[in-house]
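Student: I would like to learn how to read a protein model step by step, beginning with the whole chain and ending with single residues. Could we do that together?

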Amino acid sequence: MERVLSGMQPSGYLHIGNLMGALHNWVRLQEEYECFYFVADWHALTTNYTNPSVIRDYTEDLLLNFLAAGLDPEKCTIFVQSKVPEHAELHILLSMITPLGWLERVPTYKEKKEEIRNKDLGTYGFLGYPVLQSADILLYRARYVPVGIDQVPHLEITREIARRFAFLYKDDALIEPEPLLTEFPKVTGVDGRKMSKSYDNAVYLNDPPEVVEKKILTMVTDTQRMRRTDPGDPERSPVFQLHKVFSSKDEIEEVAEGCRKAAIGCIDCKKILLKNLFRVLEPIWEKRREISGRPGLVEGIVASGVQKATAVARETMAMVKETLGMY
Ligand code: TRP
């Protein structure tokens, strides 16, 4: 089986955008590949270093949701980055051969540094983010890395670092990975922008049902449809965008038609969405409750994941250190 690796940063609670985008895809891939999935807690520290104590809470939330959403520890390896210090060890070796220019040219680097005004991201760690990510990937000699399109520049750096290692040391211990780009549904937030924790417009997997209900019922719709009897334009409503992700073809058609003809009101439309959203969330809530009722379960799964990950990581490090002729 070919190897797949991917990670998620614990920089917030997991929301339904992450679920429909990355996590469902991970669940599918575990059937066909040898998958390694991890929580990138050191990466979260690059942007959250002034407030590190929240990272642990987010890490626990991610792990719980990985399992609740269907990652099966019998089929894939689940672990936490900082529990496998070989990530840091490979990172430092790769940092020696990575030209600064490559890092400064990463589009997300400049963008984020400018965009996030309330934090000083002029740090060594933040610039080196893609080198750490490269270490994450190359350490497992993974063939495929399922990621969103925004991560492609990081994958490109990873490939360049692997090639440079091979060129400098005439050694192919580090395998050039390929991004596995899947068409993810784009999940709109409750305010109509892209769903993101930084916009405060997300529906979280750990939101209680009444909070989910309130978030949906108070969403803006087609602002130009003033009265219930006015015909609306579904495409102008973020509620309709969510229908596209969570509702059946027939229902999408039905609410669109109902909106255009003023046959249904916005509340009716939201109630249909809620029914479909709950159909996705309820089994996850159920599984979370079940897991939470078994203390030590998550810790045990992570401990055995760390063990499996460490075994592969040590193999790679042995080859790399041999190649460099380290003492
Ligand atoms: N940078 C990724 C993100 O923000 C998270 C990540 C860290 C990652 N290390 C990784 C993803 C290795 C894939 C492989 O989504």
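Tutor: What follows is a conversation about the whole chain, then one helix, and then a strand. Please keep in mind that this is a predicted model.

Student: Which helices and strands should I expect, in number, when I look at the chain?

Tutor: The chain holds 14 helices and five strands. Its C-alpha trace spans about 80 × 45 × 35 Å along the principal axes.

Student: How does the radius of gyration of the chain agree with that of a compact globule?

Tutor: For 327 residues a compact globule would have a radius of gyration near 20 Å, and because the chain has 22 Å, the two values agree. You can add that buried residues make up 50% of the 327 residues, where buried means under 20% relative accessible area. Of the contacts between residues at least 6 apart in sequence, 76% join residues at least 24 apart.

Student: Now to a single helix: what is the span of α12, and what would be expected?

Tutor: Helix α12 covers residues 249–260, and from its first C-alpha to its last it reaches 17 Å, which is close to the 16 Å expected at 1.5 Å a residue.

Student: Which residues of α12 are buried, and why do they line one face?

Tutor: The general idea is that an α-helix has 3.6 residues a turn, so residues three or four places apart point the same way. In α12 the buried residues are Glu251, Ile252, Val255, Ala256, Gly258 and Cys259. Seen down the helix axis, these buried residues fall within an arc of 165°, and therefore they line one face of α12. They pack against α11 (238–246) and α13 (266–292), whereas Lys249 and Asp250, on the other side of α12, are exposed.

Student: What is there to notice just after α12?

Tutor: Just after this helix comes Ala262, which takes a positive phi of about 55°.

Student: And how should I read a strand, for example β3: are its faces covered or open?

Tutor: In a regular strand the side chains alternate between the two faces of the sheet. In β3, Cys76, Ile78 and Val80 lie on one side and Thr77 and Phe79 on the other, and all of them are buried, so that both faces are covered.

Student: Which strand pairs with β3, and in what sense?

Tutor: Strand β2, residues 34–39, pairs with β3 in the parallel sense over five bridges. To follow one of these links on the model, start at Phe36, whose bridge partner in β3 is Thr77.

Methods:
Residues numbered from 1 in each chain as written. Predicted model: local features only at pLDDT ≥ 70, side-chain atom pairs only at ≥ 80, totals over all residues. Heavy atoms only, no water. Helix = DSSP H or I, 4+ residues; strand = E, 2+ residues; numbered from the N terminus. Expected span 1.5 Å × (residues − 1). Buried < 20%, exposed > 50% of the residue type's maximum accessible area, 1.4 Å probe, protein only. Arc of directions from axis to C-beta. Contact = heavy atoms within 4.5 Å. Pairing = 2+ DSSP bridges. Rg over C-alpha atoms; globule rule 2.2 N^0.38 Å.
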